[in-house]
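The exercises below concern burial, salt bridges, contacts and a pocket. Work through each task before reading its solution.

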Amino acid sequence: MTDAVEIRNAVKRYGNVTALHGVSLTIRDNEFFTLLGPSGCGKTTLLRMIAGFEDVTEGEIRLFGQNIANLEPNHRPVNTVFQHYALFPHMSVIDNVAFGLKMQKVAQDARRKRAAEMLEMVHLSAFADRLPAQLSGGQQQRVALARALAPSPKVLLLDEPLSALDLKLRQAMRVELKQLQEDTGITFIFVTHDQEEALTMSDRIAVMSAGHVQQIGTAQEIYEAPVNRFVADFIGETNLLPVEVLSVRDGRAEVTLPGGHRLQVAAAGQGIGKHHLSIRPERMALTEAGDLQAVVDRVVYLGTDRQVIARLEDGTPLHLRLQNSDRVAVPAPGKRVGLAVEAGAARLLAD
Amino acid sequence: MAGPGSNHAPGPGSWRGILVPLLLPTWAMIGIFLLLPVLLMAVYSFLTKEFRGGVEWEFSLAAYDQFFLNRGLFGDEPPTLEWTYITVFARSIAQAAGATALCLLIGFPTAWFIATRPASSRGIWLFLITVPYWVNLLIRTVSLRFLIRENGPLNDALMGVGLISEPLQIINTNMAVQLGLFYSYLPFMVLPIYAAVERYSFAYSEAAADLYANRWVTLREIVLPIVRPGIVAGCILVFIPSLGAFLAPNLLGGAKNFMIGSLIEEQFKKSLGNWPFGAAVSMILMTLVLIVLFVQARAATRQEVR
Ligand SMILES: Nc1ncnc2c1ncn2[C@@H]1O[C@H](COP(=O)(O)OP(=O)(O)OP(=O)(O)O)[C@@H](O)[C@H]1O
Ligand SMILES: [Mg+2]
């Protein structure tokens, strides 16, 4: 089966600003693929190149095996949910949603019916005859979604389509979008800077920063096996510690932490020398005599969890999460504690 | 929806105390220099004419009678509809419409071109559009007359290049008048359209292309409806002064192409002098203009309410 989108070494320059430095990605057919990264990393630029609004400075993009460099946007079987919606201000909501179908020469009755279905799906049936200016931001965003889905594109590009929704609605829409994607089999390329959104919805994620793809993988791969400091830090919360690898044997490395503690961790091809170690806060526990000795500095109540900030002997802070439960004792600030690091929880990074 | 129309008072009552004296000069100016002359015209149109210009202060419908009714050479036949002046009006409307169409045809692409330049160079382009307007309209119209006359530079050049063998008869035609009006009022078309296109977000065009619309359909279904207020404003700003213009028709159109403006002007000349009739023609013209504006305003409101 051919891949939906294949991006080979795509470079995008605006004058002397380079927005993308040689991005290569393969997005499979029927996949829910997410581009995740901080603001300004080039997510929108990449989507716009796929949709055809920006030309590719270098490299190429293939859509179902076909090089689309010379294909105008209106000939690409791709629809976009724009970051700023771009709803046609002079058309009613239903006319907006039906526009793509009208352009595809679908008969009036059929397109009205389909547009009404789409509005129902985004819970906006009651707003069909309003103008976009008479809707809230979140409602406009859902109209944009309905409009892009109505013509059943082969690939749907979604540029932060849930960013304007409140938490409840966002969570509901996540589930619905995922369901919709599975039902329709449309390839979704979803842009977000919300890592939770990316982790919960995606088949695979590309983590981007400053115009580079840092890592591509499933949610679990990216969370549990980040390849570098950027990914480890950007996805979830983590403790990044500068360490020195003393010896490597049989895939295990012995490292020294700041303050002189020694720890055995899995090595991923690193040699002897200075590296960084990532330890997820939820994968450490307080014990009487653990791997590390620390002093509790602060305890912050977060509802489901408590965040404990402890300091190693040299003062390096370590964050850990304790479940909010009667069975977990809450340490008092100033108390000396031992920290147990789960096997496999500490990950040596390639920088 | 809250908008400029919603009537939230800007603050406590003390504001009003300042606002009234501040607005007083404005109201006075409008009253004295705008409404009073119109009122004067309205009154004059119902007075009796005095020979050699001027009016006698005696009520009369003679001016309107002269405009609409034909009572024969000696005024004793049963009245029929008088076509002379209605024909002048019809011709003026046609000429003004032609000039407006010409302005739109040239003005829209011009405005589009300027609005899509980088922000830094738009000012220069707008400046260039307005440069000719620093010269008096009369002088410009006379120059145009010189340019397009039978053995003027335009015909010389065209014959020199070999495009034509006989000089083109442009002067003293309807086309010359439209050309003159076009030249007089082009910026009134360009500027409002420019303002509308400049505010237009090309994200809409991208969204249309994303939804399979080609360029032509995008222009028709997305761009034009969105910038429509600018186009309508431009058309009104060109059409209305064109309707009452007299320089271009007088200097370029020749005797048989004269328009309302010339008709009115004639009435206030010493030799012919029929002030009430001139005033009546002005009032009829103004009524016509007000009807156009009213219809347009109604259409615009309906569009917004929709
Ligand atoms: N037309 C342009 N001219 C110059 N630079 C641009 C242009 N468009 C984007 N850039 C730059 O390219 C980089 C990537 O921009 P892009 O819009 O793709 O970011 P993004 O990842 O979508 O960010 P966000 O999450 O804020 O939407 C930014 O540094 C931006 O300043
Ligand atoms: Mg963006």
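Buried means under 20% relative accessible area, exposed over 50%, and partly exposed in between, with a 1.4 Å probe and protein chains only. The model is predicted, so local features need pLDDT of at least 70 and side-chain atom pairs count only at pLDDT 80 or more, while totals for chains, interfaces and linings use all residues. Residues are numbered from 1 along each chain as its sequence is written, chains are lettered from A and ligands numbered from 1 in the order in which they are written, and side-chain values use heavy atoms, leaving out hydrogens and water.

**Exercise 1.** Classify Lys178(A) by burial and describe its salt bridge with Glu182(A).

Solution. Step one: the relative accessibility of Lys178(A) is 17%, so this residue counts as buried. Step two: a salt bridge needs a side-chain nitrogen of Lys or Arg within 4 Å of a carboxyl oxygen of Asp or Glu. The closest N and O atoms of Lys178(A) and Glu182(A) are 3.7 Å apart. Step three: both residues lie in helix 5 (residues 167-184) of chain A, four residues apart, about one turn of the helix. Helices here are DSSP runs (H or I, at least four residues), numbered from the N terminus.

**Exercise 2.** Describe the salt bridges Arg48(A)–Glu54(A) and Asp65(B)–Arg71(B), with the burial of their partners.

Solution. Step one: Arg48(A) and Glu54(A) meet at 3.0 Å, N to O, and both are buried. Step two: for Asp65(B) and Arg71(B) the N to O distance is 2.7 Å. Asp65(B) has a relative accessible area of 23% and is therefore partly exposed; Arg71(B), at 31%, is also partly exposed. Step three: one network, joined by salt bridges that share partners, holds Lys12(A), Arg48(A), Glu54(A), Asp55(A) and Glu206(B). Over all chains, the whole structure has 28 salt bridges.

**Exercise 3.** Find the surroundings of Gln140(A).

Solution. Step one: Gln140(A) lies in helix 4 (residues 137-149) of chain A. Step two: its relative accessible area is 18%, so Gln140(A) is buried. Step three: leaving aside neighbours within four places in sequence, Gln140(A) is in contact (heavy atoms within 4.5 Å) with Tyr85(A), Leu87(A), Pro132(A) and Leu135(A). Step four: a polar atom of the Gln140(A) side chain lies 3.1 Å from the backbone oxygen of Leu135(A).

**Exercise 4.** Which helix supplies the largest share of the lining of the second largest pocket?

Solution. Helix 9 of chain B does, with four residues.

Key:
Helix = DSSP H or I, 4+ residues; strand = E, 2+ residues; numbered from the N terminus. Polar contact = N/O pair within 3.5 Å; in protein donor to acceptor, adjacent residues only side chain to side chain.
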